[in-house]
Amino acid sequence: MLGELSISNFGIIESVNLSFEEGMTVITGETGAGKSMIIDAIGLLIGGRGSSDFVRHGAAKAEIEGLFFINENHPGLPKIQSLGLEVADEMIVLRREISKAGKSVCRVNGKLVTLAAMREVGRMLIDIHGQHEHQDLLQSDRHLSLLDSFGGETLWQARQEYENLFEAYTRVQKQLRQLTENEKEAAQRLDLIRFQVDEIDAIQLEENEDEQLESERTNLANYEKVFESLQEGYQALNGEQKGLEWVGTAMNTLENIADIDGQYKDIYERLADHYYLLEEMTFSLRDIFEQLEYDPDRLNTVEERLHEIQKLKRKYGDSVSEILKFRDEAVSELDTLTNRDEQIEVMQRELEQTKSKLLDKAELLSTERQSTARHVIGAITRELESLQMAKTQFDIHFKRRENNGEVHFQKDGVDQVEFLISTNPGEPLKPLSKVASGGELSRIMLALKSIFSRGDGVTSIIFDEVDTGVSGRAAQAMAEKIFKLSVRSQVFCITHLPQVAAMADTHLYIMKEENNNRTTTYVDSLDDHRKVNEIGRMISGAKMTDLTKRHAKELLELAGNIKATS
């Protein structure tokens with residue numbers, strides 16, 4: 001659920017801090033007071049498109065922050081964690097800043113993320129439905145995934161098996177397409193690869209050879225400096241200055257008193273350890289500089305070899321390892337192209353076999369979807385009946401995707417699905433997008449949301465004036481339906497219907513005031529007395545009468561009875 005929301009310098013909102021509870025929260029207020037600004041801010045918080053127009057005039061940036069609570073079983077949690085985001089104490093904090101220059105900064109739990117990542121997280125937390133933008137429910141290309149979201153484990157397992165095989169099918173398709181490309185291009189590619197392999201093989205590279213040669217070149221180029229330093233170091237330890245001999249003398253002297261006191265013995269033993277270590281290092285210095293040889297011809301040989309390797313690096317990789325890897329891949333492709341005809345035959349057989357298996361998986365997936373569709377049709381029909389649309393027919397139309405008479409496989413299967421509806425007896429079923437009545441459309445959308453919200457896993461649902469065009473018994477039915485949704489998910493609802501407002505657990509009133517020639521929006525949580533006044537205003541308009549108040553109280557009492565028995 002959304003627990004806290006903070007909005008600063010957003011449109012006509014200067015600063016608003018809101019705390020929310022579970023259940024149903026209604027937001028009302030006069031037209032233009034800024035009700036939709038609250039929803040717009042939440043929309044931006046979950047990855048909506050930002051603009052400098054949202055920044056309050058005179059401010060440097062708009063800031064929106066929301067605290068969400070999710071439980072450990074939330075279906076979106078694995079996806080959120082897969083984005084590299086940590087979720088501690090079952091809390092997620094989203095923060096969005098938009099500068100007056102139009103730049104946007106997104107954070108999830110304090111970590112900078114891309115807008116796409118914020119959108120991925122946001123859509124698992126909040127579902128926003130507006131009067132003119134009912135999410136994806138009116139778009140037929142979204143109906144298939146919505147249907148799948150209502151399916152159970154059997155359907156999802158069938159879809160996963162299909163998708164895995166589809167990936168194998170497309171991989172073989174791609175390989176076969178590469179093999180059967182233009183003959184001339186294939187021949188040119190063959191010549192190029194042969195040249196590349198021959199060029200690399202010509203200098204007989206060894207793994208890590210470049211690193212070894214560069215180290216050798218450094219030593220050869222600094223031979224004189226290295227030789228002098230080694231010799232001077234050795235002489236200081238074992239030459240006329242006899243540094244090692246003096247350390248040995250000190251060690252022998254301390255040995256004479258080692259048995260007198262523990263601290264003398266400790267010093268002696270440590271000095272002895274260092275003496276033998278210095279002795280070993282002295283002999284190592286001697287061995288190194290005695291074996292050191294300077295060969296100017298070798299330096300030229302190393303330089304020439306490195307030059308040859310550098311030429312290959314410019315073409316095939318930044319290191320010998322990368323060049324050799326390129327060479328191995330080229331040899332593999334060379335083998336494939338050389339035996340092209342045989343490879344094509346093998347891959348064509350493999351493709352046909354995979355296609356046959358894929359078709360079987362597609363048929364199984366389609367069967368599961370049609371079974372799920374029958375359950376969805378029944379469930380939505382019952383929802384529409386409870387919304388005063390008992391004579392409405394709802395159906396889900398299936399069509400197989402085809403291309404020139406052949407089955408057209410896509411990642412989600414071969415099914416094309418569209419939701420159809422008829423709101424009047426005798427009228428044919430039509431796509432949802434063809435439904436004309438705004439009131440009917442509002443109820444259809446609420447019925448669909450009631451069904452699909454059971455499977456989408458969102459923690460909060462927002463309805464932004466989705467009750468447009470509805471009144472009377474239908475309005476009361478919508479109010480009860482929205483409240484029932486709030487039992488499973490936190491619900492926010494901007495409404496003009498007093499029946500919906502009366503069902504709220506929390507009622508927020510949005511108002512605007514003008515101070516010093518600036519308009520500012522405020523949000524107030526209404527107590528029981530002020531709820532009566534606000535619902536009365538929604539019933540009658542500006543004029544409040546005793547009859548209006550009685551009607552408002554009756555609505556609240558009716559709502560209370562309904563909620564008590566739900």
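Rings of Phe, Tyr and Trp (its six-membered ring) are taken as an aromatic pair if their centres lie within 6.5 Å, and such a pair counts as stacked with planes under 30 degrees apart, as edge-to-face over 60 and as tilted for the rest. By that criterion the structure holds seven aromatic pairs. The model is predicted, with local features requiring pLDDT of at least 70 and side-chain atom pairs counted only at pLDDT 80 or more, while totals for chains, interfaces and linings use all residues. Residues are numbered from 1 along each chain as its sequence is written, and side-chain values use heavy atoms, with hydrogens and water left out.

Select tyrosine 275 and tyrosine 276 to begin: their rings form an edge-to-face pair, 5.4 Å centre to centre with 75° between the planes. Tyrosine 275 is buried at 15% relative accessibility, whereas tyrosine 276 is partly exposed at 49% (buried is under 20% relative accessible area, exposed over 50% and partly exposed in between, for a 1.4 Å probe and protein chains only).

Go next to phenylalanine 394 and phenylalanine 419, a tilted pair at 5.6 Å centre to centre and 55° between the planes. Phenylalanine 394 lies in strand E9 (residues 393-400) and phenylalanine 419 in strand E12 (residues 415-422), so the pair ties together parts 25 residues apart in sequence; strands (E, at least two residues) are DSSP runs numbered from the N terminus. Both rings belong to buried residues, phenylalanine 394 at 5% relative accessibility and phenylalanine 419 at 0%.

Keep Phe419 selected and add Leu448: these two have the most contacts inside the largest nonpolar core, which has 53 residues. Such a core is a set of buried Ala, Val, Leu, Ile, Met, Phe, Trp, Tyr and Cys residues joined through side-chain atoms within 4.5 Å. Finally, select Leu45, Val108, Val121 and Met124, which are among the 44 residues of a second, separate core.

Conventions
Helix = DSSP H or I, 4+ residues; strand = E, 2+ residues; numbered from the N terminus.
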